[in-house]
Every structure is written in structure tokens, then in C-alpha cells.
Amino acid sequence: MKQQGVSAWMQVGFAWLAVLGMPTAQAQIGQPAAVKATDRVTLGHWVIDRSEVTIGQFERYVRATGTVTRAEKEGGGFEYGAGWERRPGWSWRQPDGVAPVSADLPAVHLDFAEAQAYCRWVGGRLPTGAEWQKAGFTELRDAPPAPWVKGRTYPWTTGDSPQGANTSDPDPWPRAAPAGATRQGVNGLYDMGANVWEWTTDAQGSQRRTVGGSWWYGAFNMKADVQAYKPADFYAVYIGFRCAYDLQASTTEKPVSAPVPLGKARP
């Protein structure tokens with residue numbers, strides 16, 4: 001777990017980024033994200049958010065719909081201390097109980113239904129575990145930039161190693177990182193591993209699978225085979241989400257030669 005102060009982590013993190021050759025400007029807490037939070041990546045016949053849904057995005061949804069989340073109504077979200085402990089005032093608005101340093105931080109303290117409702121509002125849905133895993137580990141772009149190789153499945157969402165992800169190991173981020181601040185990974189996606197867990201639709205009874213790990217854990221929870229199911233009605237400081245979107249049928253499909261009369265089915 002990350003317990004040190006921000007300044008200490010920043011000193012360690014900037015030295016670490018220098019070794020990786022990453023621009024230190026991306027690591028500054030509260031700086032604008034390196035990508036637009038609304039960016040999406042097309043992967044064949046479906047699309048996925050480039051980054052986790054942010055506070056700024058969720059705020060627009062709340063303003064439009066009047067949504068009040070369960071964390072707000074029920075006295076605050078949860079953090080693990082001596083067991084799960086409710087933190088008064090913690091919600092997507094103030095993930096750590098204070099005003100967020102950036103609207104590009106991930107929206108957290110949201111249960112499965114709340115995440116799904118947001119995705120439907122923007123015309124999407126939560127991804128399945130299989131979709132998420134494919135997008136996170138297998139390079140699907142037709143012409144990916146170096147060093148990515150089309151068709152290759154990587155051991156980590158960040159490539160050949162977990163370096164550049166926001167885990168519990170020393171890095172520039174004491175807790176969650178804003179969208180676009182960490183290392184860009186497979187398919188040009190951010191934070192498919194670490195930062196915050198992400199909801200998927202995979203179910204075991206009343207539980208739903210979360211994927212990717214978070215800043216709370218080491219890199220081991222970033223692996224594709226991690227099965228981390230949580231109660232669908234649970235919300236906590238390190239659970240967020242991203243949305244998937246279905247595209248219409250490809251225009252390369254064979255067109256219908258003639259309309260089908262009403263009341264008749266095409267064989």
C-alpha cells in the first residue's frame with residue numbers, strides 16, 4: 001500500500017521515469033491528461049474507452065440526470081483499513097475525502113449498476129471480461145506504432161513488463177493517477193492494468209468480476225488470469241470502470257439485394 005507522502009513518492013517517481021525514458025511532465029499530480037478523456041479506440045466491430053471514466057465525465061452525467069450515488073446517500077465510500085471502513089464524505093466527487101487535484105482522476109466509489117447506468121447514458125455498456133482481456137493484452141490495431149506488434153498477446157497491459165503502471169510499488173502517484181498520466185499500453189489504452197479496478201459484466205451469482213488491479217496492489221493483480229469478483233452493490237475508493245460500445249454492422253458486409261416484404265422473414 002502507498003503510505004508515504006506525495007513529495008516522497010514524487011522524488012522516487014521522477015527518478016524512476018528518467019530510467020524508463022518517460023517524460024516527467026506526465027507525472028506531475030494535477031496536470032492535464034496526456035489524452036482527451038473522451039478518446040475511444042476502435043477494435044474491429046466494437047469500441048472501448050481509451051482511459052477510465054473520469055470525475056469530469058461523470059459530473060456531466062450527474063448534472064444531466066440528477067443522479068445521486070449510493071456512496072453519497074449512504075454516508076461515504078469504503079477504504080480498507082482494519083477491514084472495510086466507511087469514510088464519511090468520500091464519493092466520486094471527493095474520492096479521498098478532499099477536493100480532487102484533477103477532474104481527470106478516475107470516478108470511483110461507484111457500484112456495478114451505477115457504472116452500467118453511466119455507460120448506457122453515453123450510448124455504451126460495461127465490457128465483458130473476455131472483451132476487456134482481449135483489448136488489454138492483444139494488440140489489435142492494423143498499424144500500431146513501434147514497439148507494438150499487431151496480433152501479439154503481451155504478458156502485461158503495458159507490454160513486456162508492468163513498468164509505467166500505477167501500482168503499490170514506488171512511482172509518481174501516491175494514490176490514483178489522472179487519465180493519460182501513466183504509460184500507454186496495448187492498443188493505445190491507459191490503465192488497463194493498475195490505477196483502479198474496473199467493473200465487467202462477468203457474473204458469479206450476485207458478484208461481478210473486476211479486472212486490472214489498482215494502485216493499492218502490486219503488479220501481480222494486473223495479470224489476465226486474475227479472478228477478482230466483488231459484490232455488485234459494493235463501492236470503494238479503488239473501483240472504477242470504462243465503457244465499451246457496439247458498432248453497427250460493417251459496411252463491407254454483402255448488401256441485401258431486395259427489401260423483405262412486411263410480415264415475411266428472410267430464410
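**Notebook: helices, sheets, cores and salt bridges**

I started at helix 2, and helix 4 (112-121) is part of what covers its buried residues. A reminder to myself: I am working from a predicted model.

**Entry 1: helix 2**

Which residues of helix 2 are buried? I went along residues 55-65 and noted Ile-55, Gly-56, Gln-57, Phe-58, Tyr-61 and Val-62 as buried. An α-helix has 3.6 residues a turn, so residues three or four places apart point the same way. I kept that in mind while looking at Phe-58, Tyr-61 and Val-62, which are among the buried residues of helix 2. Just after helix 2 I came to Gly-66, and its phi is positive, near 75°.

**Entry 2: the whole chain**

Then I stepped back for an overview. I have five helices and nine strands in the protein. Reading from the N terminus, the order is α-β-β-α-α-β-β-α-α-β-β-β-β-β. The protein has 267 residues, and 51% of them count as buried. For the accessible surface I have about 12,500 Å², with 54% of it belonging to carbon and sulfur atoms. I also looked up how far contacts reach along the chain. Taking contacts between residues at least 6 apart in sequence, 66% join residues that are at least 24 apart.

**Entry 3: the nonpolar cores**

In soluble globular proteins, nonpolar side chains tend to be buried together. So what does the largest nonpolar core contain? I find 36 residues in it, and the ones with the most contacts inside are Phe-58, Tyr-118, Tyr-238 and Phe-241. Helix 2, helix 4 and strand 5 are the elements that give two or more residues to this core. I followed Tyr-118 and listed what it touches, leaving out residues up to four places away in sequence: Val-53, Gln-57, Phe-58, Tyr-61, Phe-241 and Cys-243. Of these, Gln-57, Phe-58 and Tyr-61 are already on my list of buried helix 2 residues. Apart from the big core I have another, of eleven residues, including Ile-48, Phe-137, Leu-189 and Val-211.

**Entry 4: helix 5**

Phe-137 sent me to helix 5, residues 129-137. I noted its buried residues as Gly-129, Glu-131, Trp-132, Ala-135, Gly-136 and Phe-137. What covers them? The cover includes strand 1 (40-43), strand 2 (46-49), strand 5 (197-204) and strand 6 (207-211).

**Entry 5: the three-stranded sheet**

Strands of a sheet pair through backbone hydrogen bonds, either parallel or antiparallel. Strands 1 and 2 led me to an open sheet of three strands, in the order 1-2-9, with antiparallel pairing. Why do strand 1 and strand 9 each have one side without a neighbour in the sheet? They stand at the edges with a single partner strand each, so one side of each is left free of a neighbour there. From one strand to the next I get an average twist of 25°. Between strand 1 and strand 2 I have four bridges in the antiparallel sense. To fix the register in my head, I noted Thr-42 opposite Val-47 in strand 2.

**Entry 6: the strand 3/strand 4 hairpin**

Next I moved to strand 3 and strand 4, which form a hairpin with one residue between them. They run antiparallel and four bridges join them. One pairing caught my eye: Glu-79 stands opposite Glu-85 in strand 4.

**Entry 7: salt bridges**

Side chains of opposite charge can pair when their charged atoms come close. How many salt bridges does the structure hold? I have 17. One of them joins Arg-70 to Glu-74, with the closest N and O atoms 3.0 Å apart. Both partners are partly exposed, Arg-70 at a relative accessible area of 21% and Glu-74 at 35%.

Then I looked at Arg-175, which forms a salt bridge with Glu-79 at 2.9 Å between the closest N and O atoms. That pair links distant parts of the chain, since Arg-175 is in the loop between helix 5 and strand 5 and Glu-79 is in strand 3 (residues 78-81), 96 residues apart. Is Glu-79 buried or exposed? It is buried, with a relative accessible area of 9%.

Arg-175 also forms a salt bridge with Asp-96, where the closest N and O atoms are 2.8 Å apart. Asp-96 lies in the loop between strand 4 (83-86) and helix 4, so its pair with Arg-175 ties together parts that are 79 residues apart in sequence. At 31% relative accessibility I put Asp-96 down as partly exposed. My last note is that salt bridges with shared partners join Glu-79, Glu-85, Arg-87, Asp-96 and Arg-175 into one network.

Methods:
Residues are numbered from 1 along each chain as its sequence is written. This is a predicted model: local features need pLDDT of at least 70, side-chain atom pairs count only at pLDDT 80 or more; totals for chains, interfaces and linings use all residues. Side-chain values use heavy atoms; hydrogens and water are left out. Buried means under 20% relative accessible area, exposed over 50%, partly exposed in between (1.4 Å probe, protein chains only). Contact means heavy atoms within 4.5 Å. Accessible areas come from the Shrake-Rupley method with a 1.4 Å probe; for residues, only the protein chains shown count as cover. Two strands pair if DSSP finds at least two bridges between them. Axes are lines fitted to C-alpha atoms, for helices over the stretch in contact, and angles run from 0 to 180 degrees between N-to-C directions. A nonpolar core is a set of buried Ala, Val, Leu, Ile, Met, Phe, Trp, Tyr and Cys residues joined through side-chain atoms within 4.5 Å. A salt bridge is a side-chain nitrogen of Lys or Arg within 4 Å of a carboxyl oxygen of Asp or Glu.
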